[in-house]
Each structure stands twice: as C-alpha cells, then as structure tokens.
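Work through the exercises below with the sequence and the 3D view at hand. Try each task before reading its solution.

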Amino acid sequence: MFKKIIPILLILISINAYSQKCKTDKDPFTDEIITSFDFHNKIVYFEIKNDSITFTTTFFYRGERKHEFNEGSEILFKLEEGSKIGLKTIKKTKPKIENVTTSKVNPFLYGFRGGFNIGNSQNYTTYSFTFLLTKNELKKLAESKIEIIRIPDTDEGEHADLLAKGETKQKMKAIKRGASCIMESI
C-alpha cells in the first residue's frame, strides 16, 4: 500500500511544481480583471489588463553600470522551430545596482567546525525590460522553446547572446510557461 502511495504523491507534487500558475485579481479601484504570471518576483512577468498583454523580463549584468536603455530597445528571441521574434521596449529601462553575496563551506580547509566559510560578494546591475505583446507573439512564445536570447549590451551598439544554460534556461522555460498560461486565459 505504501509503495503505491509514494509514486502518486511524487506525481502530484511534480505536476504542482511545473504547472502554469496564472493568478486572476480584480483591481480594487477600477474593478478591472487582471490576469498575471509571476516567476521569481518578476524576473519573468506577464499581465493581461484591458486586452493589453504586457511582458516584463529582468536581466543581470555583471558590475555596476549606469547606461539607460531608451524606449524602443530591442531584444531578440530565436525559437526552436527556427523563427525569430524581435520585441521593442515600451519604456525607458533604468539600471538598478544589486550586491549579491554567495558563500560556501569548503570541507577540505579544516578550521572551526570542520571547514572554512568562503564568501564572495559582487555587484550586478539589473535591467527590467517591458514589452507590449500581440496575441501572435504571445502564441509563438507559448508554442516553441527559446534557443537563444539576444539582449542589448551597455556598450553602444553591442549585444550579448544568452544560450539555454543554467539560470537562463530556467528563465526561458518560465517565459514559455508564462506565455502558455496567459494564452489559456485569452
């Protein structure tokens, strides 16, 4: 009996962890219905309000940067099936400096309680790019995996290509999940 319950619980937990989670709220002042998808505190964020589809995604750049991206800055998405989507920002994107501290215990360096704590602190600049999507763009993001994201760099005219690895891969999956979730709400 116990052996049958564990696989069922694991399936239910994994379905819950990977399911699309859209949230529908009512604006308390305007009574408008707002449907949204939020991945890790707006690292990926979709919202439908008054038939407008807004998509915001945040990218982290190493070091402190002061560059501001103008309205109309473009981010490109290359999809698995070969098509490309170019999205232009709908507002100016300003930098936000964040200090990220990481630490780990190194078991090979013996000291107090079996190891030394090794810490690292680095400044990052975050930029949150906001776009207004068409239903067709949303559909493309929902139906195909993203292979590469090309983001503007802070150096004039330069760009950086982000491949599906590590945290970027999680972000790409979240974009697909969020777009799918919002598509189901339309």
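**Exercise 1.** Which residue in β10 does I148 stand opposite?

Solution. The model is a predicted one. Start from strand β9, which covers residues 146–152. This strand and β10 pair in the antiparallel sense, over five bridges. Across from I148 stands L163 in β10.

**Exercise 2.** Find the order of the strands in the open sheet, and state why β6 and β10 each have one side without a neighbour there.

Solution. Four strands make up the sheet, ordered β6-β5-β9-β10 with antiparallel pairing. The strands at the edges are β6 (84–88) and β10 (159–163). Each has a single partner strand, so one of its sides is left without a neighbour in the sheet. On average, neighbouring strands here are turned by 20 degrees against each other, direction ignored.

**Exercise 3.** Describe how helices α2 and α3 are placed against these strands.

Solution. Take α2 (residues 135–143): this helix lies across β5 (74–79), β6 and β9, and runs at about 130 degrees to β6. Next, α3 packs on the sheet and touches β5, β9 and β10. The direction of α3 makes about 105 degrees with that of β9.

**Exercise 4.** Which residues have the most contacts inside the largest nonpolar core?

Solution. The core has 31 residues, and those with the most contacts inside it are F46, F55, F77, L133, I149 and I175. Helix α3 (residues 166–185) gives the most to this core, namely six residues. Now follow I175: leaving aside neighbours within four places in sequence, its contacts include V44, F46, F55 and L141.

Definitions and conventions
Residues are numbered from 1 along each chain as its sequence is written. This is a predicted model: local features need pLDDT of at least 70, side-chain atom pairs count only at pLDDT 80 or more; totals for chains, interfaces and linings use all residues. Side-chain values use heavy atoms; hydrogens and water are left out. A nonpolar core is a set of buried Ala, Val, Leu, Ile, Met, Phe, Trp, Tyr and Cys residues joined through side-chain atoms within 4.5 Å. Buried means under 20% relative accessible area, exposed over 50%, partly exposed in between (1.4 Å probe, protein chains only). Helices (H or I, at least four residues) and strands (E, at least two) are DSSP runs, numbered from the N terminus. Contact means heavy atoms within 4.5 Å. Two strands pair if DSSP finds at least two bridges between them. Axes are lines fitted to C-alpha atoms, for helices over the stretch in contact, and angles run from 0 to 180 degrees between N-to-C directions.
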